[in-house]
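Colleague: Pick one stretch of this model and take me through it slowly, please. I'd like to know what is tucked away, what is open to solvent, and how that stretch fits in with the rest.

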Amino acid sequence: MFKLNRFLKLAATFILLPAVVLLSLFSLEQQGFFKVDQIKINVAVKASQKGFVRPYIDSLNQRLESFKGQSLWQLSLNNVSKILKAEPWITEFRVSRAWPSGLEIEIEPHQVAFLIQAKEIKGTTEFFPVTVSGAVLQKVDSRQAPSVAIVRGNEFLKNQKIREGAVAVLKSLPADGKLHSSHVSEVGYDKKDGYWIELSQTNMKIKYGEDQFELKSNRVSQVIEYLENRDLKARVIDANLSKKVLVRLH
């Protein structure tokens, strides 16, 4: 009798209980309890670049609306991933089910290296963000533009190689000091001088040429430190020379 009671208890535990749970879940499913009604998007972005992703998130929310109303049991996370992979502003993401009726999406956007200034339309200046890989994103207006350097000229919109060169110049700048990328107001390019940057605080123009950007940034940093120690102000620093740096003072 003891063994029979033990068997019945085990049967109830391993057969009846799972069956009751499954029937309950099936009943809830039939009642629409697991229909997706919320899609939560979390974006890991620097404070200085929060504004520019807002229109992209709004557009993404509209594309994901089609998943609302679907059963969370049957919803394909692969289909959600396909939409996220097609978004050029996203570099990494993670999608997960949030029971009983939600989706959670964590997104890491591409970092914006600089902005290409576009023509003014009805008094509003629009900008095209460019990622660190040189890709051009959907245009945004000045209220949404992140605080990064600006470039001007159609060649930046048309030529991937020129954009990549501008990114390389910005990456070559030191992690701190007066030549840090946060102090760069504008990046430019022309066939005569190659790449150049302008510093926001001093309006100093620095010519980089076409190559060896890291070496030239190191030389320019030393020159700027030398000038500051002697209370001298430069108008132009030409680093596009083989073994020296040319400085034009105010």
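Modeller: Let's start at Arg63, which is partly exposed, with a relative accessible area of 37%. On that scale, buried means under 20% relative accessible area, exposed means over 50%, and partly exposed is anything in between (1.4 Å probe, protein chains only). Before going on, bear in mind that this is a predicted model, where local features need pLDDT of at least 70 and side-chain atom pairs count only at pLDDT 80 or more, while totals for chains, interfaces and linings use all residues. Residues are numbered from 1 along each chain as its sequence is written, and side-chain values use heavy atoms, with hydrogens and water left out.

Arg63 has a partner: a salt bridge joins Arg63 to Glu87, with their closest N and O atoms 2.9 Å apart. (A salt bridge here is a side-chain nitrogen of Lys or Arg within 4 Å of a carboxyl oxygen of Asp or Glu.) Arg63 sits in helix 2 and Glu87 in the loop between helix 3 and strand 2, so the pair ties together parts that are 24 residues apart in sequence. Helices (H or I, at least four residues) and strands (E, at least two) are DSSP runs, numbered from the N terminus. Unlike its partly exposed partner, Glu87 is buried, at 10% relative accessible area.

Now for helix 3 itself, the part I'd look at closely. In helix 3, residues 77–85, the buried residues are Val80, Ser81, Ile83 and Leu84. They cover an arc of only 160 degrees around the axis, which puts them on the same side of helix 3. The arc is taken from the directions from the helix axis to the C-beta atoms. As a rule, an α-helix has 3.6 residues a turn, so residues three or four places apart point the same way. Turn to the other side of helix 3 and you meet Lys82 and Lys85, both exposed.

What covers the buried side? The cover over the buried residues of helix 3 includes helix 2 (50–64), strand 2 (90–98) and strand 3 (102–109). Ser81 is a good residue to zoom in on: Ser81 lies in helix 3 and is buried, with a relative accessible area of 15%. Setting aside neighbours within four places in sequence, Ser81 is in contact (heavy atoms within 4.5 Å) with Phe93 and Val95.

A bit further along there is a backbone detail to check. The peptide bond from Trp99 to Pro100 is cis, with omega near 10 degrees, and Pro100 belongs to the loop between strand 2 and strand 3. On the way into helix 3, Glu65 sits in the loop between helix 2 and helix 3 and is partly exposed, with 41% relative accessibility. Glu65 lies 9.9 Å from Val36, C-alpha to C-alpha, with their positions 29 residues apart in sequence.

How does this fit with the hydrophobic interior? The largest nonpolar core has 32 residues, and Phe114, Leu179, Ile197, Ile206, Tyr208 and Ile237 touch the most other members. Apart from that one lies another core of 27 residues, and Val95, the Ser81 contact, is among its members, along with Val53, Ile57 and Trp89. By nonpolar core I mean buried Ala, Val, Leu, Ile, Met, Phe, Trp, Tyr and Cys residues joined through side-chain atoms within 4.5 Å. In soluble globular proteins, nonpolar side chains tend to be buried together.

Salt bridges turn up elsewhere too, with 7 in the structure. Glu186 and Arg152 form one of them at 2.9 Å, N to O. That pair links distant parts of the chain, Glu186 in strand 8 (residues 184–190) and Arg152 in the loop between strand 7 (149–151) and helix 4 (154–158), 34 residues apart. Glu186 is buried at 16% relative accessible area, whereas Arg152 is partly exposed at 43%.

To set the scene overall, the protein chain has 6 helices and 12 strands, and 36% of its 250 residues count as buried. Among contacts with a separation of 6 or more, 48% are between residues 24 or more positions apart.
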